[in-house]
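I opened my notebook to look for empty space, helix packing and odd backbone spots in this protein. Here is what I looked up, entry by entry.

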Amino acid sequence: MYKIIEGDSLGLADVTSFVDLINGSRTQVRDLFDAGSDIIVTRAPGRLDVMGGIADYSGSLVMPMPIAEATLAAIQLTRNRRIRIVSLHSDSNRSSKFEMDIDDLERDGEPREYEAMREFFVSDRANRWASYVAGVFYVLHRELGAKFPTGANILISSLVPVGKGVSSSAALEVAVMKAVCEAYGIRIEPVQLAMLCQRVENQIVGAACGLMDQVAVTCGVKNSLISMVCQPADIRDPVAIPDEIEFWGVDSGVRHSVAGSDYSSVRIGSFMGYRIIAGLAGMTATKIKDGLVSIHDDRWNGYLANVSPEEFENEFSASLPDSISGREFLKKYVGTTDAVTSIKPAREYAVRAPTEHAIYESSRVQAFSELLDDTSNVESLDRLGELMYSSHTSYKACGLTEVRTDRIVELARTFRDRGLFGARITGGGSGGTVLILAKKDRRDTVELLAERFRAKSGYAPYIFHESTPGCTTFGHLRLRSQ
């Protein structure tokens, strides 16, 4: 029987259930751990993207909130040099398993190249999920020179729904990296941990996500919004959610993925927009390699979000194309400053809509943040809501909404007199969850909206509401066999 000898469960029910699971009779778990060694347990929640979303990679202010649903990881060091991973399926007694040698992280005594490690996982699509976990070891080894003298047994259990746009991948990466660091005595600051987890997703998994998700689940504070300017990670004091309001998430039932082509093409389009604007402003671009340039920019410091709406409208809007082919862009502009995406010459990329989204969304989030100082009157709530509706409309212009997400937003508008003041698609878009701004104690109204959505679509949505601490606040537990 394992008991907690270090740390605090903070009264979280999922933590108690996870410890009970480790002590239970489930074969996959019982066969994984050796009763002679301690087990480290960590926890990382998912997040609701309240405002900011995909503008994170353009340097915008973002404001996410940690949710109740979380991923838990348990790690136990072993005497061999094998990494054994068991991921439990939340909807059944099944599990996924993966094993690799620590020596696979190197080739000829040096860390393997990122491309080689990505191929290591992609070559077997059934094991792609393991790249989020085992990729943590590689990134720590390559970026920090971390050594792993022994192997490890790792157990994963998650209640963060996959494909709903609430950062299930970031919760997994952060929970595992925190566990690995605690087990092997690797000391890093929370923001650095988040950045390294982003590296896992960008370079190992191959998803071109920004930094918002990893910071939100690492540094999140219960019942508060993270306030971070993504340049790259200027974290400000958390913003407590005002007593008069609350945020809800309603799942559309359409699976979301930041690895999808829509998200990637919008990201590429926004970086194309920045490259074109920088050229119009007379800035010099230097080729680093095919498709990648650096720009000497002492005006906006390399971030599209720093271009004000007024600057854009007065100086650049008229010269920005609606779209451009990858081939034409590369011929004229050589490349973008984005190192994690690749431009396909034969593809046509929207430029204006993604560029405008980054510029205007940054302005919207700033206004939203300021309005949160006073939510005691209906006028302020209406203004907050309109900023959210404008954000959703901008996502739609980028092609990042779906019929179902649009339907939820339309329904929210009809419930304004019952205390729902705003709605927008969250995160990377293309499905996933719609965020709703409501006055306090409007559960009945949100559930009525969900019921009307079910009647129209045939899908009963999952509803997100509660908030819990981020991974750093939770820390870790140490379990010992008694």
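Before sorting any lining, I note the classes: Ala, Val, Leu, Ile, Met, Phe, Trp, Tyr, Cys and Pro count as nonpolar, Asp, Glu, Lys and Arg as charged, and the others, Gly among them, as polar. I also keep in mind that this is a predicted model.

**Entry: the largest pocket**

I began with the open space. The largest pocket has a volume of about 950 Å³. I found 42 residues in its lining, and those nearest the centre are Tyr-132, Val-162, Ser-168, Ser-169 and Arg-255. I then asked which elements give two or more residues to this lining. They are β4 (82-88), β8 (152-158), α5 (168-184) and α7 (212-219). The largest share comes from α5, with 3 residues. Sorted by class, the lining of the largest pocket holds 17 nonpolar, 17 polar and 8 charged residues.

**Entry: the cavity**

How many cavities of 30 Å³ or more are there? I count 1. The volume of the largest cavity is about 50 Å³. Around it I listed Tyr-57, Ser-58, Ser-270, Phe-271, Tyr-274, Gly-302, Tyr-303 and Leu-304. By class, the lining of the largest cavity has 5 nonpolar and 3 polar residues, with no charged ones.

**Entry: α3 and α6**

Next I turned to helix pairs. Two packed helices are described by the angle between their axes and the distance between the axes. For helix α3 (residues 114-122) and helix α6 (residues 190-205), I read an angle of about 75 degrees and axes 8 Å apart. Angles of 65 to 115 degrees count as roughly perpendicular, so α3 is roughly perpendicular to α6. From α3, Tyr-114, Met-117, Arg-118 and Phe-121 meet Arg-199, Asn-202, Gln-203, Ile-204 and Val-205 of α6. This contact of α3 with α6 divides into 5 nonpolar, 2 polar and 2 charged residues.

**Entry: α11 and α12**

Helix α11 (residues 352-371) and helix α12 (residues 378-397) have axes that come within 10 Å and cross at roughly 165 degrees. An angle over 145 degrees counts as roughly antiparallel, which means that α11 is roughly antiparallel to α12. Their crossing is left-handed. On the α11 side I noted contact residues including His-357, Glu-361, Arg-364 and Phe-368. On the α12 side, Arg-383, Leu-387, Met-388 and Tyr-395 are among them. The class split for the contact of α11 with α12 is 9 nonpolar, 4 polar and 3 charged.

**Entry: α13 and α14**

I checked helix α13 (residues 403-414) against helix α14 (residues 443-457): the axes come within 10 Å and cross at roughly 140 degrees. These two helices, α13 and α14, are therefore oblique to each other. The crossing of α13 past α14 is right-handed. Arg-404, Arg-407, Ile-408, Leu-411 and Ala-412 of α13 meet Leu-449, Arg-452, Phe-453, Lys-456 and Ser-457 of α14. I sorted the contact of α13 with α14 into 5 nonpolar, 1 polar and 4 charged residues.

**Entry: two backbone spots**

Which peptide bond is cis? I found the one from Gln-231 to Pro-232, with omega near -5 degrees. Pro-232 sits in the loop between β10 (228-229) and β11 (234-235). My other bookmark is Leu-10, a residue other than glycine with a positive phi, near 60 degrees. Leu-10 is found in the loop between β1 (2-6) and α1 (13-22).

Definitions and conventions. Residues numbered from 1 in each chain as written. Predicted model: local features only at pLDDT ≥ 70, side-chain atom pairs only at ≥ 80, totals over all residues. Heavy atoms only, no water. 1 Å grid on protein atoms, 1.4 Å probe; cavity = no way out; pocket = protein on both sides within 12 Å on 5 of 7 lines; lining within 4 Å. Points joined across faces, edges and corners; volume = space filled by probe spheres on them. Axes fitted to C-alpha atoms, helices over the stretch in contact; angles between N-to-C directions. Helix = DSSP H or I, 4+ residues; strand = E, 2+ residues; numbered from the N terminus. Parallel < 35°, antiparallel > 145°, perpendicular 65-115°, else oblique. Left-handed = near helix turned anticlockwise from the far one by under 90°. Contact = heavy atoms within 4.5 Å.
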